[in-house]
Every structure is written in C-alpha cells, then in structure tokens.
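Here is a friendly walk through the inside of a protein model: its pockets, cavities, cores and a few residues worth a look. Keep the structure open beside you as you read.

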Amino acid sequence: MDQLVKSRKKIRFGIIGCSNIAETSVIPAIKESKFAEVEFIGSRNQKKAGLFAKKFGCKKFGDYQDVINDKNIDAVYISTPVSLHEKWTIKSAKNKKNILCEKSISDSFQSSKRMINAAKKNKVRLMEGLMFRFHPSHKKILELNKKMGSTFTFYGRYGFPAISKNNIRYSKKLGGGILNDAACYPIYASRMIFGKEPKKINCTFITDKKTGIDEKVTISLLFDKNQTAQFSCGYNLEYQNIYSIWNEKGSISLERAYNIPPKMKPIITVKKQMTTEKISVKPTNHFILMIDHFSKQLQSTNNLGINFEEDILKQAKILEAARISAKNKNTVEIKDIK
C-alpha cells in the first residue's frame with residue numbers, strides 16, 4: 001500500500017459512474033465522511049459528469065479514463081452496470097487506485113478472481129459495496145442472538161414493485177437480474193448471522209420471458225450443524241425488506257434489513273415464549289459507515305475486522321453456485337466452485 005495514502009488525512013475519491021445510488025447515497029456519504037473527499041467525477045456522458053460535479057462542488061470532471069489517470073486520486077468508487085465492473089476495476093488497479101465497487105461485484109466467480117488478482121498484483125485494496133453490513137442493527141442482533149440458544153434457520157425476503165423493463169436491471173447484457181441486484185443481500189446476511197460459510201445451495205429462478213433475466217429467485221442454503229437459510233427475492237412484488245432468525249429459545253426479526261434510510265430507527269422484534277420486545281436502533285447512515293471503514297482501512301496496516309478480498313471471493317462463490325443450481329435444477333456443493 002502506498003505510504004502517501006496511509007499518511008493522508010482524507011482519502012481522495014474518483015467516481016466512475018453517475019448512477020442513481022452514486023447520486024443519492026454514496027457521493028453524499030463521501031462528502032459527509034471525516035475520512036474521505038470527492039476529487040473527480042467521471043461519466044461516459046461529459047454533460048452528466050459536469051452536472052454531477054456542479055451539484056457536489058467538485059472542480060474536476062471527465063470520463064472514466066480521466067478519473068483513473070489522475071495522480072491525485074487515492075481510490076475510486078465504481079458504480080457502473082455489473083458487466084463493466086471487471087473492466088474498470090482492473091484498469092483502476094493497474095493505475096494504482098484502491099477500489100470500492102458496487103455490489104454485486106461481478107457476474108461470475110472467474111471474473112471476481114481476475115479482479116482480486118489485479119488488485120493484489122498492483123498492491124491496492126478492493127472492497128464490494130455491501131453497505132448494509134455496517135449498520136449497527138446487525139451487530140445488535142448478533143449480541144441478542146448469543147442469548148437465544150442454538151440458531152436453527154434464517155429467513156429473508158427482499159422484493160420490489162414493478163420497474164420498467166428498459167431499466168438496466170432487466171438487461172442481461174449489463175448483468176441485470178434479481179440475483180446480482182438483491183439476492184446478494186440475504187446471502188451475505190445469512191453468512192454474517194451464522195458466522196460461517198454455507199456448504200450447499202439450491203436455487204430456483206423465475207425468468208422474464210422477454211429479457212431472459214432472473215426476475216424472481218428462491219434460495220436455500222445449508223450450513224453445517226443442520227443450520228439453514230431460506231429466502232426469496234424478486235421484482236413485480238409488494239416491497240419487502242426483512243430477515244428473521246429462529247432460535248432454540250425464540251426468534252429475532254428486523255423489518256427493515258437491507259436498505260435502511262439514514263433517519264429511520266430500525267425496529268428489532270425479539271420473541272421469547274409468550275413475550276415480545278421491540279428494540280429500536282439509533283438512526284445511522286450505513287453508507288457513511290462504509291466509506292469511513294474503507295477509508296480507514298486504506299490508512300491502516302490491518303484488516304479492521306474484514307478482509308475485503310477474501311470476503312469477495314466467498315460471496316462470489318455462492319452466487320456462482322446459485323447460477324449453476326438454477327441452470328441445472330439441482331443442489332450444488334459450494335466447495336465444487338473453483
């Protein structure tokens with residue numbers, strides 16, 4: 001890691017991709033972070049880059065290549081369609097930029113490995129932008145869960161009302177589909193709750209006939225000790241954003257689990273025998289927490305609790321097994337993904 005980056009008071013970010021999430025959540029989080037600042041904004045559309053730069057008070061703007069060519073940039077945030085993540089991650093790594101890349105980081109396990117190899121070869125860091133994991137509600141649930149006896153299963157639902165089929169989420173070429181877009185969240189959440197990796201996966205897709213993307217997905221994960229995770233995700237559904245844990249002594253649920261607005265107090269419901277307790281968690285902007293964690297990691301010599309690159313490979317391996325399971329209509333052992 002560059003010693004100049006380690007000594008930097010604030011990590012200087014270049015933005016690759018003027019997406020909706022970049023505009024509404026990530027760039028504002030960088031602006032509010034005590035450990036980061038926006039240095040350069042890049043878009044394929046020069047006019048859009050200029051509009052974003054004006055909105056966020058950034059003097060520099062241009063195309064993607066301009067961003068990674070700038071020697072003042074310490075890190076890039078990549079917010080392109082999934083199919084372009086590998087290209088711009090590898091280009092950024094070769095230009096010695098640390099990388100925060102939107103989820104899902106790739107559309108295949110082999111692609112994820114190539115991205116990791118490029119980061120390691122060029123001695124830069126690479127993190128996947130699963131912001132929800134930094135929200136304190138999950139830490140609170142893990143604390144409560146320790147007092148509830150053995151955990152049997154994790155349930156999850158994450159679904160959205162109908163969206164236009166002109167949206168990139170319905171573009172197979174651009175890496176669209178509900179698995180990459182949303183199912184990555186409960187997959188990660190179940191790994192976080194159990195504190196280990198699943199052994200097997202069974203995945204079923206309901207495919208949109210017009211576009212060919214996976215519009216709805218149902219997944220079952222088997223962990224050791226007969227612990228399981230089961231969840232469904234999809235478009236064209238009532239909005240759902242929840243997970244729950246069923247334990248030996250009761251259950252715990254979080255009704256707003258993945259996309260938690262910064263001013264919202266998430267409610268954790270704990271049920272034990274005949275009692276029900278509601279616990280509210282302090283409103284928090286998990287995008288700022290993600291930016292802070294990534295920035296502090298670049299200034300540190302340890303992993304601060306998360307090995308970004310190893311975590312990416314573990315998550316990508318499960319997503320790859322899900323694709324194979326859905327295609328072959330069978331249960332896949334995660335260890336078989338190489």
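## Glu320, a buried charged residue

Let's begin with Glu320, in what is a predicted model. Glu320 has a relative accessibility of 18%, so it counts as buried, the cut-off for that label being under 20%. You will find Glu320 in helix α10.

What does the side chain of Glu320 make a polar contact with? Its partner is the side chain of Arg323, at 3.0 Å. If residues up to four places away in sequence are not counted, Glu320 touches Asp107, Ser108, Phe109 and Ile337.

## The largest cavity

Two of the residues just met, Ser108 and Phe109, also help to line the largest cavity. So does Arg323, the polar partner of Glu320. The rest of the lining is made up of Ile105, Ser106, Ser112, Glu128, Ile312, Gln315, Ala316 and Leu319. The volume of this cavity is about 50 Å³.

Which helix gives the most to this lining? Helix α10 does, with five residues. Both α10 and α6, which spans 109–121, supply at least two residues each. Sorted by class, the lining has five nonpolar, four polar and two charged residues.

## The second largest cavity

Searching the whole structure turns up two cavities of 30 Å³ or more. The second largest cavity holds about 40 Å³ of space. Around it are Met127, Glu128, Leu130, Arg133, Tyr188, Phe308, Asp311, Ile312 and Gln315. Strand β6 (126–129) and helix α10 are the elements that give two or more residues to this lining.

Here, too, α10 gives the most, with four residues. The classes come out as five nonpolar, one polar and three charged. Glu128, Ile312 and Gln315 appear in the linings of both cavities.

## The largest pocket

Now for the open spaces. The largest pocket has a volume of about 960 Å³. It is lined by 36 residues, and those closest to its centre are Ser19, Ile21, Ile168, Arg169 and Asp181.

Helices α2 (20–32) and α8 (178–194) each supply at least two lining residues. The largest share comes from α2, which gives four. By class, this lining divides into 14 nonpolar, 16 polar and six charged residues.

## The second largest pocket

The second largest pocket has a volume of about 580 Å³. Which of its 21 lining residues are closest to the centre? They are Arg133, Tyr188, Met192, Gly305 and Ile306. Arg133 and Tyr188 also line the second largest cavity.

Three helices give two or more residues to this pocket: α7 (136–145), α8 and α10 (308–328). The largest share, four residues, is from α7. In this lining, seven residues are nonpolar, six polar and eight charged.

## The nonpolar cores

The largest nonpolar core has 82 residues, and Ile219 and Tyr243 are the ones that touch the most other members. Helix α8 contributes the largest share of this core, with twelve residues. A separate core of 21 residues includes Tyr64, Ala93, Cys101 and Val124.

Tyr243 is a good residue to select in your viewer. Beyond its neighbours within four places in sequence, Tyr243 is in contact with His138, Ile141, Phe154, Tyr155, Gly156, Ala189, Ile193, Ile252, Ser253, Leu254, Ala257 and Tyr258.

## Tyr158 and its surroundings

Is Tyr158 buried or exposed? Tyr158 is buried, because its relative accessible area is 5% and the label applies under 20%. Tyr158 belongs to strand β7, which covers residues 151–159.

With neighbours within four places in sequence left aside, the contacts of Tyr158 are Ala182, Tyr185, Ser232, Cys233, Gly234, Tyr239, Gln240, Asn241, Tyr258 and Asn259. Tyr258 is also among the contacts of Tyr243. For a sense of distance, compare Tyr158 with Lys94: they are 64 residues apart in sequence and 36 Å apart in space, from C-alpha to C-alpha.

Definitions and conventions. Residues are numbered from 1 along each chain as its sequence is written. This is a predicted model: local features need pLDDT of at least 70, side-chain atom pairs count only at pLDDT 80 or more; totals for chains, interfaces and linings use all residues. Side-chain values use heavy atoms; hydrogens and water are left out. On a 1 Å grid over the protein atoms alone, a cavity is a set of points where a 1.4 Å probe fits but cannot get out, and a pocket is an open set with protein on both sides within 12 Å along at least five of seven lines; lining residues have an atom within 4 Å of a point. Grid points are joined across faces, edges and corners, and a volume is the space filled by probe spheres set on the points. Ala, Val, Leu, Ile, Met, Phe, Trp, Tyr, Cys and Pro count as nonpolar, Asp, Glu, Lys and Arg as charged, and the others, Gly among them, as polar. Buried means under 20% relative accessible area, exposed over 50%, partly exposed in between (1.4 Å probe, protein chains only). A polar contact is a pair of N or O atoms within 3.5 Å; within protein, one must be able to donate a hydrogen and the other to accept it, and residues adjacent in sequence count only if both atoms are side-chain atoms. Contact means heavy atoms within 4.5 Å. A nonpolar core is a set of buried Ala, Val, Leu, Ile, Met, Phe, Trp, Tyr and Cys residues joined through side-chain atoms within 4.5 Å.
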